[in-house]
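Trainee: I have a structure open on my screen and I'd like to learn how to read it. Could you walk me through it?

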Amino acid sequence: MNTQEVANRLVELCRKGQNMQAVQELYGKNIVSKEISGSPNELTHGFDAVTKKVESFLASIEAFHGVEVSDPNVAENHFSCAMKMDLTFKEQGRVTMNEINVYKVEDGKIVEEQFFY
């Protein structure tokens, strides 16, 4: 898949709430995931570690109330999209999260992701 196809597929899966399928299908084995400075899991390396991070995040959610994902903006081998999630966390209660996500694609797989929120 080219960058546009990967971007379209990620957005499609995230809009359906199929985040783990997106990881399994689209992430490369040497993926690097970056959260904002000072956050838990600020920098995570490797498919298994990123999978575990996503599983942990999803397990912390009591209920999904809604998700909005923008169409992707593609530039060469990078793309970005905005996500807005309305969630109830088991420990925090209900939260609306707004973020911009930037991804790098190589050989048809996402090799880097960075979240800004």
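Mentor: Sure, let's start with cysteines. A disulfide is a covalent bond between the sulfur atoms of two cysteines. The cut-off used here is a pair of cysteine sulfur atoms within 2.5 Å. Before we go on, this is a predicted model, so local features need pLDDT of at least 70 and side-chain atom pairs count only at pLDDT 80 or more, while totals for chains, interfaces and linings use all residues. Residues are numbered from 1 along each chain as its sequence is written, and side-chain values use heavy atoms, with hydrogens and water left out.

Trainee: How many disulfides does the structure hold?

Mentor: Zero. Take Cys14: the closest cysteine sulfur belongs to Cys81 and sits 6.7 Å away, which is too far for a bond.

Trainee: Are those two cysteines buried or exposed?

Mentor: You judge that by relative accessible area: buried means under 20%, exposed over 50%, and partly exposed in between, using a 1.4 Å probe and protein chains only. Cys14 has 6% relative accessibility, so it counts as buried. Cys81 is buried too, at 2%.

Trainee: Next, helices. How do I read helix 1?

Mentor: Helices (H or I, at least four residues) and strands (E, at least two) are DSSP runs, numbered from the N terminus. To get the expected span of a helix, take 1.5 Å times one less than its number of residues. Helix 1 covers residues 3-15, which is 13 residues, and it reaches 18 Å from its first C-alpha to its last, close to the expected 18 Å.

Trainee: What happens at the start of helix 1, and what follows it?

Mentor: At the start, a side-chain oxygen of Asn2 comes to within 3.0 Å of the backbone nitrogen of Gln4. That's a polar contact: a pair of N or O atoms within 3.5 Å, where, within protein, one must be able to donate a hydrogen and the other to accept it, and residues adjacent in sequence count only if both atoms are side-chain atoms. After the helix comes Gly17, with a positive phi near 75°.

Trainee: Which residues of helix 1 are buried?

Mentor: They are Thr3, Val6, Ala7, Arg9, Leu10, Val11, Leu13 and Cys14.

Trainee: Arg9 is charged, right? What does Arg9 form a salt bridge with?

Mentor: For a salt bridge, look for a side-chain nitrogen of Lys or Arg within 4 Å of a carboxyl oxygen of Asp or Glu. Arg9 forms one with Glu12, the closest N and O atoms being 3.1 Å apart. Both lie in helix 1, three residues apart, about one turn of the helix. Glu12 is partly exposed, at 34%. Glu12 also meets Lys16 in a salt bridge, at 3.3 Å from N to O, and Lys16 is exposed, at 52%. Add Glu25, and you have a network of salt bridges linking Arg9, Glu12, Lys16 and Glu25.

Trainee: How many salt bridges does the structure hold?

Mentor: Eight. One of them joins Asp86 and Arg94, with the closest N and O atoms 2.6 Å apart. Asp86 is buried at 19%, whereas Arg94 is exposed at 55%.

Trainee: And what about aromatic rings?

Mentor: Rings of Phe, Tyr and Trp (its six-membered ring) pair if their centres lie within 6.5 Å; planes under 30 degrees apart count as stacked, over 60 as edge-to-face and the rest as tilted. By this rule there are two aromatic pairs. Phe57 and Phe89 have ring centres 5.9 Å apart and planes at 65°, so they are edge-to-face. This pair links distant parts of the chain, with Phe57 in helix 3 (residues 47-59) and Phe89 in strand 5 (residues 78-89), 32 residues apart. Phe57 is partly exposed at 30%, while Phe89 is buried at 8%. The rings of Phe79 and Tyr103 have centres 4.7 Å apart and planes at 20°, so that pair is stacked. Phe79 is in strand 5 and Tyr103 in strand 6 (residues 93-106).

Trainee: Which residues have the most contacts inside the largest nonpolar core?

Mentor: A nonpolar core is a set of buried Ala, Val, Leu, Ile, Met, Phe, Trp, Tyr and Cys residues joined through side-chain atoms within 4.5 Å. The largest has 22 residues, and those with the most contacts inside it are Leu10, Leu26, Tyr27, Phe79, Tyr103 and Ile110. Helix 1 gives the most to this core, with six residues.
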